[in-house]
Amino acid sequence: MHKYIVLIVILISLLDISKGGKPVKEDNKFPNSNIYVKLKKETDKLQYEILKGSQSLQVVTFDNFITSNDLQLTPSGTLQVTDGTSSIEFELVRSTSSITHVRVIRNNVTVNTQPMDCVDLNMSNLHWYGGPEDTYQYWPIERLTFDDYAYLTKEDHHAALAERYWLNSKGIFFYIEAETPLFITQNTKGYENKLCFSAKNSLPYNTRVNGRRFVYHIGYAVNAKVAHMHAVRLLLGHPSSHPDERMAQYPIWSTWALYKQQINESIVREFASAITSNGFENSQIEIDDNWESCYGSLTFNKSRFPSMKTFAEELKEKGFRVSLWIHPFINKNCEPYYSEALSKGYLVLDHNKSPDTQWWNSKKGEAAFVDFTKNEVRNWFKQRLQRLQTEDGIDSFKFDAGETSWVPSDPVLAGDPALSPHQITQAFVRTVGTLGPMIEVRTGQGTQDMPMFVRMLDKDSEWGWNNGLLTLITTLLQMNMNGYPFVLPDMIGGNGYYKKIPNKELFIRWLQANVFMPSLQFSYVPWQYDNETIEISKKFTKLHADYTPQIIERFKLATRTGEPVNPPLWWVDPEDKVAQGIFDQFLLGDSIIAAPIVKEGETKRDIYLPKGTWRDGNNKELHTGPIWIMDYSAPLDTLPYFEKID
C-alpha cells in the first residue's frame with residue numbers, strides 16, 4: 001500500500017504569534033536572519049510554519065509523514081526534521097525587506113511513496129498564474145483541472161510548455177526543481193479548490209533512479225511583480241538575445257491552414273503572387289507539411305518541388321524569404337534514412353531497444369524520434385538542415401513537436417537519468433535554436449534563455465475557452481509569465497480543424513487581437529472573404545507595423561532584465577485586485593493596453609483601465625484610472641486600445 005504524504009498548505013497573512021502558541025525557539029531560526037521555522041501540533045497533525053519576525057508567511061500540515069517535532073540546525077545552516085527514514089530540510093536562499101525565499105528538500109522519494117503539497121486556490125481575492133500551456137487556457141489558472149498529471153511537455157492538454165512555476169496575486173511563488181518526478185492534481189474529487197504538487201517515482205519518469213528527491217522553492221514578496229522578477233533572476237532565466245525583427249514587423253504567411261498537405265511549387269507560387277498582388281507585406285513565406293520525399297528524409301519531393309533552389313530564388317526576387325516546416329521524426333517507410341539512423345544509434349530507443357513510436361503523420365509503431373540528447377546526433381541533424389539552406393535556398397525553419405510524449409515510453413536518453421524524459425525537449429530546442437534568429441519552435445522547458453520565437457500550440461477556429469480566440473490572449477499571458485516573451489501567436493483565424501473554417505467576423509477579430517502581440521501569422525487570407533476584409537486587414541497589419549519599435553524595445557528589455565513583452569494588466573499596478581482577474585485584455589510593455597472583441601456578434605465591450613492617465617487610441621480621449629469604461633463601441637473595423645501618457 002502506498003504511503004501518501006499529504007501537506008495541506010494554508011496561505012495566511014499578518015498573523016501575530018504573540019496572540020497564541022509558544023514563542024519560536026532561537027534554535028529554529030536561520031542564522032543571521034529573522035526567518036524562523038516553527039514546528040507545532042494541530043490536533044493529531046504536525047505543522048511547520050515559516051515566519052518573518054512575527055509575520056506568518058506559510059503554514060504546512062503533514063499527514064502520515066512524521067511524528068517528530070525536533071527541528072535541528074545543521075552545520076550547513078539549514079533546519080531539518082527527520083523521522084529516521086525520511087527528512088525535510090529547509091534552506092534560506094534569500095531574505096531582504098522585499099523578498100523571502102526558502103528552499104524545501106524532501107529526501108528519499110521511493111517507489112512506494114508520493115509526498116504531496118497542496119495549495120489552497122480558493123482564498124479571498126487570490127488569483128494564480130503560470131502553470132502549463134493548456135487546451136482550455138483559463139486565466140487566472142485556478143479553474144484548471146488535473147488528476148495526478150505527470151508534469152512534462154506533452155500532447156495531453158496541449159502542454160507544449162510545462163514550466164514548474166506558479167505565482168499568485170499575493171506575491172507568493174512555487175517552483176519545483178527539474179530533478180523532481182513531478183505530478184500535479186488540481187480541482188479533482190477530494191482536492192476541490194486545491195493545487196497539489198507531488199513527487200512519484202513512476203513512469204513517464206525514469207523509475208531506475210535511486211535517491212529521488214522532492215525539491216521546491218517558495219518565494220514570498222511584497223507583491224506579485226516583485227516575486228516574479230525575483231523568480232526570473234534566480235530560477236526561470238530570460239532570453240540571451242531577441243529574434244528576427246522583420247518577423248515582428250511584417251506577417252508570416254504559412255501554407256498550413258489554407259492548404260494543409262495539398263502543396264506543391266505551383267500552389268506556393270500562386271500563394272506568393274496573391275500576397276503581393278493584394279498589397280500585403282511579408283516577413284517570409286512558410287512551406288508547411290508534405291514537402292519531403294518521405295517523412296524524415298529532409299529532402300524535397302521532386303514531383304512537388306522539382307527544383308527548389310531555383311524556386312527559392314524566384315520567391316526571393318519577389319521579396320520573400322523562405323521558411324520550411326521541420327519535425328523530429330523519421331517514419332519507418334522512409335528509406336534509406338530510417339535504417340541508416342537506426343543502425344547508427346540516432347533514434348530514441350526504449351529500454352527494450354525498440355524505437356517504435358507514433359505521431360500525427362504515422363500509424364502506431366511506424367515512426368521513430370531523433371535522439372537529440374546525443375551530441376553526434378545533434379550535429380548530424382543540424383548538418384542536414386544546413387544542407388537545405390545551402391543547396392535548396394531555404395532561409396530558416398519552423399520546428400514542430402519536440403514534447404516528451406512523442407518519444408517511446410520509458411526511453412533511454414543520454415545525460416542525467418533523473419531528468420528523463422524532459423531532457424529530450426531541452427536538447428531538441430537547444431539544437432535547433434543555434435540555426436539563426438528566424439527560428440520558431442512550439443515547445444520548451446527550462447529554455448527561456450533561447451533567442452527564438454515560441455509558437456502557441458495549434459488553435460481551433462472557435463471563439464471561446466475551447467482552444468479558440470479567447471485563449472489566444474490567455475495563452476499569451478501564460479507564456480509570458482513563464483519566461484517566454486517572444487510569443488508567436490497561432491495563425492489568424494485558427495487552423496480550421498474539424499472543417500470549421502473561420503468566418504469573416506472571427507478572422508477579423510482574431511487579427512485585431514494579434515495587433516499588439518509580437519508577430520502576425522496568416523494562412524487563411526483576407527481576399528478569401530471580400531474587399532472590406534482586405535481593407536480592414538491592411539489597416540491592422542499597418543497598425544502592428546507602426547508599433548513594431550515598441551515591440552522591439554520590449555524585446556531588448558526582455559533580454560536585459562527578463563520583463564515580459566506582453567504582461568497581464570496587473571503589471572501596471574500589482575495591488576489592483578480588479579486587474580488581477582482580467583483575462584481578455586493585455587499589455588504591450590507597461591504603456592499599451594489592448595482590449596479586443598473576443599465574443600461572437602459583439603460590437604461593444606467593457607474595458608478596465610488601471611491607475612494612470614490613458615489616451616484612447618481611436619478617439620484620443622483621456623481617461624484617468626482606475627476606471628471602467630462601459631459599453632465601449634467597437635464595430636468590426638475597430639480595435640479598442642489605450643496608451644499610457646504618464
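Helix α9, spanning residues 469-480 of this predicted model, contains twelve residues and extends 18 Å from its first C-alpha to its last, close to the 16 Å expected at 1.5 Å a residue (the expected span being 1.5 Å times one less than the number of residues). Helices (H or I, at least four residues) and strands (E, at least two) are DSSP runs, numbered from the N terminus. Residues are numbered from 1 along each chain as its sequence is written, and side-chain values use heavy atoms, with hydrogens and water left out. Local features need pLDDT of at least 70, side-chain atom pairs count only at pLDDT 80 or more, and totals for chains, interfaces and linings use all residues.

Twelve of the twelve residues of α9 are buried (under 20% relative accessible area, 1.4 Å probe, protein chains only), so the helix is largely enclosed by the rest of the structure. Among them are Leu469, Ile473, Gln478 and Asn480. The buried residues of α9 pack (heavy atoms within 4.5 Å) against β10 (128-130), α1 (224-236), β26 (453-455), β27 (487-488), α10 (504-514) and β29 (586-588).

Strand β29 also belongs to an open sheet of five strands, ordered β29-β30-β33-β31-β32 with antiparallel pairing (two strands pair if DSSP finds at least two bridges between them). Because β29 and β32 (622-633) stand at the edges, each with a single partner strand, one side of each lacks a neighbour in the sheet. Within this sheet, β31 (residues 604-616) and β33 (residues 641-644) are joined in the antiparallel sense over three bridges. Arg615 is placed opposite Glu643 in β33.

Definitions and conventions:
Buried < 20%, exposed > 50% of the residue type's maximum accessible area, 1.4 Å probe, protein only.
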